[in-house]
Amino acid sequence: MKNALRNPASYLMFIIPTIALYGLFFLYPMFSSVVYAFTNWNGLEETKFIGMANFETAFGDSNFRSAIINNMYFIVFSVGLQVPIIVLLALLISNVKRFKGFYKTTVFIPSILSTSVIGILWGFIYDPDIGPISAALKFFGIEPIYWLADSKWAMIALLLTNAWQWVGFFIVLILAAILAIPKDIDEAAAIDGANGTQRAWYLTIPLIKPIISVVVMLSIAGAMRVVDIVLVMTNGGPAGTTEVMASYMVNKAIKYGDYGYGMALSIIIFAFALVFTAIYQLTLGKTERIEY
Amino acid sequence: MPASIKKTMPHIVLMAYVVIILFPFVFVVFSSLKENNVEISQAPFAFPKALYFQNYVDAWVQASIDVYFWNSAYLGISSAVLGVLLAAGTSFALTRMKFKFTSKLIYQVILLGMLIPGNVLFIAQYILMMDLHILGKHWALFWPYTAGALPFSVLLISAFMKAIPAELEEAAIIDGLSAPGLFARIVLPLTVPALVTVFIINFLGNWNEYLLASFFISKDALRTLPTGMVGFRDAYQTNYALICTGIVFSVTPVLVLYAFLQEQIIEGITAGSVKG
């Protein structure tokens with residue numbers, strides 16, 4: 001009687017469009033990136049296999065090396081500075097009785113907006129002539145700072161904007177994990193005389209370690225991927241001080257038509273992302289599954 | 001510490017954070033209603049002297065925000081609809097039809113797509129668009145958007161469909177329904193909540209997408225809001241009130257959606273990121 005669900009024609013009809021699109025837009029580009037990364041393809045000369053030359057060029061280029069370092073800034077900032085703040089704010093929200101929903105809904109807002117619009121918006125806020133930060137500084141008698149045009153400040157300005165966009169998203173992730181912990185554990189500790197800080201430190205944080213580890217990995221992945229905010233706010237400037245790997249790749253490949261080189265760069269970005277995630281998984285991120 | 005202070009301390013910290021999140025929006029809305037830069041720079045934190053709605057008319061018509069807006073809307077909606085339907089069909093075949101081994105394999109391969117960061121494929125997709133002769137056309141965004149959302153959509157919809165009890169479809173098959181009929185009349189209606197969530201997440205992703213839109217489209221009339229807005233900023237560098245109006249136009253639809261469907265949006269976005 002179940003022939004209808006064993007009909008290969010219907011099965012194929014449901015599967016093929018998805019597989020076709022997936023193959024064309026995921027598998028084929030992935031495959032062609034790997035192949036062309038070893039060629040000098042630039043649309044002008046004859047395409048030749050050139051071995052590791054693209055990779056040597058990339059790591060020999062001081063601009064690319066400084067782009068790698070800038071990606072590291074994103075990692076260090078988002079993991080080292082943002083994650084503790086995220087955990088702290090999530091703990092605070094989970095403990096308040098009133099406005100819990102309001103806090104959750106509000107902090108999440110920036111993560112549903114377009115990064116390009118956020119870039120424009122913050123470009124305005126950083127504006128030295130009429131931006132509100134300058135106005136506030138002027139009130140304290142401080143000269144306006146050219147946030148995005150000064151190589152001392154541009155990177156910090158980007159990191160702060162990026163944090164503004166994503167901290168709330170991670171707060172909500174962690175908050176969900178905290179609220180999923182059964183209440184009686186916390187109550188038992190309270191009866192035993194543990195105060196709020198002790199309960200957070202010895203109870204809640206160990207219990208949410210797996211999700212913190214997810215947040216760290218997502219932060220690393222995000223830091224390796226970061227590009228929109230750079231293109232919109234500084235386009236890598238001033239003088240390359242905010243260039244990241246992906247913006248360097250996009251500019252090289254599209255503006256100069258160095259496709260083979262661009263694909264090699266994309267493989268490098270992918271490799272970096274995999275390596276960092278693996279390192280984290282094997283070291284600090286090692287956690288057993290927790291059963292309540 | 002007195003209990004009352006202990007109770008209000010968290011709220012003070014959290015409210016401070018909420019102010020940091022909301023301040024830029026308030027600032028942009030105020031600025032969009034100010035007449036010019038002078039008024040913004042003289043009193044950046046003040047409420048506008050007179051509500052100057054002319055900016056909205058100017059931005060919408062002269063600065064062609066209307067064009068970007070409709071481009072974003074129709075591309076975002078059409079590609080999200082197609083993506084959801086394809087993913088629903090595939091999820092149905094993978095979870096309900098009796099080709100277990102093939103289905104498992106296909107499912108794993110599709111999920112692999114969630115591991116590949118989008119911008120790793122960027123250059124190769126650019127070349128692909130050239131080869132397909134659709135670079136510079138809306139198709140160059142439509143197809144990558146549709147395809148790009150598939151892994152996440154299949155993941156979420158499959159999880160939902162697995163939970164539908166088998167008795168329902170057995171009865172339907174005895175009544176003589178074919179697999180497509182079963183899908184369209186029984187399973188799809190039951191899956192609507194998941195479809196709505198996936199549709200909204202995909203729509204938001206398309207509406208906000210910047211990288212592909214800025215390099216795959218060059219004609220101004222074909223731009224979407226994120227790229228159009230950047231061009232708009234570069235063109236009107238000196239008129240901040242007008243730029244703020246543009247920001248309001250671009251952010252409002254998202255916030256309205258969010259106001260109505262915050263639970264679905266938060267759940268969908270966080271589920272997609274954690275499982276990937």
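Start by selecting A:F99, which counts as partly exposed because 16 C-beta neighbours lie inside 10 Å. Keep in mind as you look around that this is a predicted model. A:F99 sits in the loop between helix 3 and helix 4 (100-108) of chain A. Check its backbone too: phi of A:F99 is near 65 degrees, a positive value in a residue other than glycine. Most residues other than glycine have a negative phi.

**Stop 2: a counterpart in chain B**

Now jump to B:H133, in the loop between helix 6 (122-131) and helix 7 of chain B. Here phi is near 60 degrees, again a positive value for a residue that is not glycine. Is B:H133 buried or exposed? B:H133 counts as exposed, because it has 10 C-beta neighbours inside 10 Å, and the cut-off for exposed is 12 or fewer.

**Stop 3: helix 3 of chain A**

Go back to chain A and select residues 62-95, which form helix 3, and pick out A:M72 within that helix. A:M72 has 15 other C-beta atoms within 10 Å, so it is partly exposed. Add A:A223 to the selection: it is 151 residues away from A:M72 along the chain, yet the two C-alpha atoms are separated by 7.8 Å.

**Stop 4: the annotated spans of chain A**

Next, colour chain A by its UniProt record. An unreviewed entry gives "transmembrane region" for residues 12-31, 72-93, 105-125, 163-181, 201-224 and 259-280 of chain A. Two of these spans are worth a closer look:

- Residues 72-93 of chain A are 100% helix and 0% strand, with the end C-alpha atoms 30 Å apart.
- Residues 259-280 of chain A are 100% helix and 0% strand, with 32 Å between the end C-alpha atoms.

The unreviewed UniProt entry also places the feature "domain: ABC transmembrane type-1" at residues 68-280 of chain A. Over residues 68-280 the chain is 76% helix and 0% strand, and the end C-alpha atoms are 18 Å apart.

**Stop 5: where the chains meet**

Show both chains together. How many residues does the contact take from each chain? The contact takes 71 residues from chain A and 76 residues from chain B. On the chain A side, helix 1 (residues 8-36) gives the most, with 15 residues. By class, the chain A side divides into 52 nonpolar, 14 polar and 5 charged residues.

For a close-up, select A:M30, which lies in helix 1 of chain A. Leaving aside its neighbours within four places in sequence, A:M30 is in contact with B:I116 and B:L121. A:M30 counts as partly exposed, because it has 18 C-beta neighbours inside 10 Å. While you are here, add A:I267: it is 237 residues from A:M30 in sequence, but 9.0 Å away in space, C-alpha to C-alpha.

**Stop 6: the annotated spans of chain B**

Follow the chain B partners into their own chain. For chain B, an unreviewed UniProt entry lists "transmembrane region" at residues 12-33, 73-94, 106-128, 140-161, 182-204 and 240-261. Select residues 106-128 of chain B, which are 61% helix and 0% strand, with the end C-alpha atoms 23 Å apart. Then select residues 240-261 of chain B, a span of 100% helix and 0% strand whose end C-alpha atoms lie 31 Å apart.

**Stop 7: a helix pair in chain B**

Select helix 7 (residues 139-162) and helix 9 (residues 179-208) of chain B, which pack at an angle of about 145 degrees with their axes 10 Å apart. The crossing of helix 7 past helix 9 of chain B is right-handed. To see the contact, show side chains including B:Y145, B:A149 and B:F160 from helix 7, together with B:V187, B:T191 and B:N202 among those from helix 9. The contact has 10 nonpolar, 6 polar and no charged residues.

**Stop 8: the two domains of chain B**

Finally, colour chain B by domain: domain 1 covers 3-52 and domain 2 covers 57-275. Their C-alpha centres lie 33 Å apart. At the boundary, 9 residues of domain 1 of chain B are in contact with 7 residues of domain 2 of chain B. On the domain 1 side, the elements that give two or more residues are helix 1 (3-32) and helix 2 (37-42) of chain B. Helix 1 of chain B provides the largest share, 4 residues. By class, the domain 1 side has 3 nonpolar, 4 polar and 2 charged residues.

Definitions and conventions. Residues are numbered from 1 along each chain as its sequence is written. Chains are lettered from A and ligands numbered from 1 in the order in which they are written. This is a predicted model: local features need pLDDT of at least 70, side-chain atom pairs count only at pLDDT 80 or more; totals for chains, interfaces and linings use all residues. Two residues are in contact if their C-beta atoms, placed from the backbone, lie within 7 Å. Ala, Val, Leu, Ile, Met, Phe, Trp, Tyr, Cys and Pro count as nonpolar, Asp, Glu, Lys and Arg as charged, and the others, Gly among them, as polar. UniProt positions are given in the numbering used here, feature names are shortened, and annotations may be inferred rather than shown by experiment. A residue is buried if 20 or more other C-beta atoms lie within 10 Å of its own, exposed if 12 or fewer, and partly exposed in between; C-beta atoms are placed from the backbone. Domain bounds come from an automatic or database domain assignment. Axes are lines fitted to C-alpha atoms, for helices over the stretch in contact, and angles run from 0 to 180 degrees between N-to-C directions. A crossing is left-handed if the near helix is turned anticlockwise from the far one by less than a right angle, and right-handed if clockwise.
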